[in-house]
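Subject: Structure handover

Hello,

Here is the structure you asked about. Please open it alongside this note; what turned up follows below.

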Amino acid sequence: MNYIYKILLILVSFKTIILFRRKKIFLSQYLIIDESSGDIDSRSLNFIDKLELKNSLNLIRTNNINLKSFFNILRIPNCFCYTIIKNLMVNRFKKKSFFYLIKKLFFYLRIKKIIMIDDYREMLFFKNLSTYLNIKILIYMHGRLSKKSDILSKMKYSKYLVWSEYFKRQLYGNKTSKTKIEVVGCPNLNLKNVKRITSSKVKIKNCLILDEDYIDFNSVKDSYKSIIKVKKIKYFLKKKKTRKIPFGFLNFCNNHHIKIINDNINFGDTLSKFKIDCVIASTSTGLLESLFYNVIPIKINSRNKSREKEFSEFVKSKLVFSANSKNLHKLLNKNFDAKALATNKNKLWGNILFNR
């Protein structure tokens, strides 16, 4: 059935191309379909209006097609199933064949501007496309970014919308003009969930561990063993909604009374609901977001060289508390200075709130 859905969506895509040129619309948008909901990724919906999609050629990224996502994609006007066609062409022909196809289609449709989420998997593709066809690119931020990123150092764009002045400095650290970067605030943050701190010291009572992609249990096993040495803290693990919890993590949590949070609620609501004082993760954006909520961020090593390289800028800036298996339990027992946390919060997030 999945195969039939893909064939039908390919036909719809080329029907879109045939009809689109007559509309004299010169804008394209790159959109990701959320596999769990089958709808457009919520990170894009913070920046775009579904009602305006009729005024753009909409490039759809999706890997797994089911009945729900199939009909949701059909509801998107002017849809072109970007990844389905890309995978088909890359598997059957040379990699360059897909780039050649999109270049020809964009030239034929006279596309002048692309709006896209900063998906590292595709940013260089669109950068090369824009160079060939002199197309403007507007990019909006969806997760942490660092000047240590190899992809960002190669990117060219007309405008980049970022969360704070700190992230703006990360970009123009890559020799980008400041005028091309605009601070718009972070849509993930909500003032109602900010934890009130009433004393000069912060003690950890409830700790949230984040489940992350690209990490297997063996990479962080020693850190996990160090965590459970501190018995007076109540531990939670927030399941990542896009994957099942790997067996190693699941088994460890069950054996050591770590409560697994399956609630489909956002990060800020989770911190508030479970009265979290500390977040433990390796390279998750959640470590940085926790600062906004006056929650202590403790970083463990992921053993992933590229991700550690990108995240090293936040460690260097002392925005997170870097731990290893030997000193982690000491950090969990520590009394943290409230003023220092407030200083780091302001340094990272400033005072600009997202206004849709």
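**One pocket, one cavity**

The second largest pocket has a lining of five nonpolar, one polar and five charged residues. Bear in mind that this is a predicted model.

That pocket holds about 270 Å³ of space. Its charged lining residues are Lys86, Lys95, Lys96, Arg121 and Glu122. The nonpolar ones are Val90, Phe98, Phe99, Phe125 and Tyr132. Asn128 is the polar one.

Three helices each supply at least two residues of this lining: H4 (82-92), H5 (95-109) and H6 (123-133). Which of them gives the largest share? H5 does, with four residues. From the numbering, those four are Lys95, Lys96, Phe98 and Phe99. Lys86 and Val90 fall in H4. Phe125, Asn128 and Tyr132 fall in H6.

Now the cavity. The structure holds one cavity of 30 Å³ or more. The volume of the largest cavity is about 60 Å³. It is lined by 13 residues. Closest to its centre are Leu210, Glu212, Ile215, Tyr224 and Ile300.

Where does the lining come from? Strand S9 (206-210), helix H9 (217-227) and strand S12 (278-281) each give two or more residues. Leu210 lies within the S9 range, and Tyr224 lies within H9.

By class, the cavity lining has nine nonpolar, one polar and three charged residues. Glu212 is one of the charged ones.

Best wishes

How values were computed: Residues numbered from 1 in each chain as written. Predicted model: local features only at pLDDT ≥ 70, side-chain atom pairs only at ≥ 80, totals over all residues. Heavy atoms only, no water. 1 Å grid on protein atoms, 1.4 Å probe; cavity = no way out; pocket = protein on both sides within 12 Å on 5 of 7 lines; lining within 4 Å. Points joined across faces, edges and corners; volume = space filled by probe spheres on them.
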